[in-house]
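Okay, thanks everyone, let me put this one up on the screen. I'll walk through it piece by piece, so shout if you lose me.

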Amino acid sequence: MRCKACADAEREPTRDEFHRGCMSCEARALASLGAHVESLERRCITPQYRAALEALFGEAWMQGHEHVKRWAGKITSAAARRKEKAT
Ligand SMILES: [Zn+2]
């Protein structure tokens, strides 16, 4: 499931346009908030992060987590590209 905000974010991952009810958008919002960062550092899903995932995605939280990881990767590389341009 994809919405227009997601299609635009594929080109520009750091844009903050999110559609409520779109799993991919909610995951992107979580990824840009950095809610997953602590979890990534510890290489496990922290209880706080899992609670955020469950609040958003319910039973499908694992699937949501996959979306968050995917977007987080895109957001990070987009930010890195932007830095390169600035220097
Ligand atoms: Zn979307």
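Let me start with a question: is Arg-70 buried, partly exposed or exposed? Arg-70 counts as partly exposed, because its relative accessibility is 33%. For the cut-offs, buried is under 20% relative accessible area, exposed is over 50%, and partly exposed is in between, with a 1.4 Å probe and protein chains only.

Some housekeeping. This is a predicted model, so local features need pLDDT of at least 70 and side-chain atom pairs count only at pLDDT 80 or more, while totals for chains, interfaces and linings use all residues. Residues are numbered from 1 along each chain as its sequence is written, and side-chain values use heavy atoms, with hydrogens and water left out.

Back to Arg-70, whose side chain meets that of Glu-10 in a salt bridge, 3.1 Å from N to O. Arg-70 sits in helix H5 and Glu-10 in helix H1, residues 4–11, so this pair ties together parts that are 60 residues apart in sequence. Glu-10 is also partly exposed, at 26% relative accessibility. A salt bridge here is a side-chain nitrogen of Lys or Arg within 4 Å of a carboxyl oxygen of Asp or Glu, and by that rule the count is ten. Helices are DSSP runs of H or I with at least four residues (strands are E, at least two), numbered from the N terminus.

Another salt bridge joins Glu-38 and Arg-42, with the closest N and O atoms 2.5 Å apart. These two are four residues apart in helix H3, so about one helical turn separates them. Glu-38 is partly exposed at 33%, and Arg-42 is exposed at 52%. There's also a network: Lys-4, Asp-8, Arg-11, Glu-12, Arg-15 and Glu-17 are joined by salt bridges that share partners. Inside that, Glu-17 pairs with Arg-15, the closest N and O atoms being 2.4 Å apart.

Now the metal. Which residues hold the zinc ion? Cys-3, Cys-6, Cys-22 and Cys-25 coordinate the zinc ion through their SG atoms, at 2.2 to 2.3 Å. Donors are N, O and S atoms within 2.8 Å of the metal (3.2 Å for Na, K and Ca), and water is not among the atoms, so sites may look incomplete. Along the chain the spacing reads C-x2-C-x15-C-x2-C. The angles run from 98 to 115°, which makes the arrangement tetrahedral; for four donors that takes all angles between 85 and 135 degrees. Cys-22 and Cys-25 are both buried.

Next, helix H4. Its buried residues are Tyr-49, Leu-53 and Phe-57. Looking down the axis, they fall within an arc of 45°, so they line one face of the helix; the arc is taken from the directions from the helix axis to the C-beta atoms. Those buried residues pack against helix H2 (23–33), H3 and H5, while Pro-47, Gln-48 and Ala-55 are exposed on the other side. From H5, His-65 touches Tyr-49 and Leu-53, and Ile-45 too, leaving out residues up to four places away in sequence. Contact means heavy atoms within 4.5 Å. His-65 is buried, at 10% relative accessibility.

Last, the backbone. Arg-43 has a positive phi of about 60° although it is not a glycine. Arg-43 is in the loop between H3 and H4, exposed at 78%. Gly-58, just after H4, also takes a positive phi of about 60°.

Definitions and conventions
Tetrahedral: all angles 85-135°; square planar, octahedral: opposite > 155°, others 65-115°.
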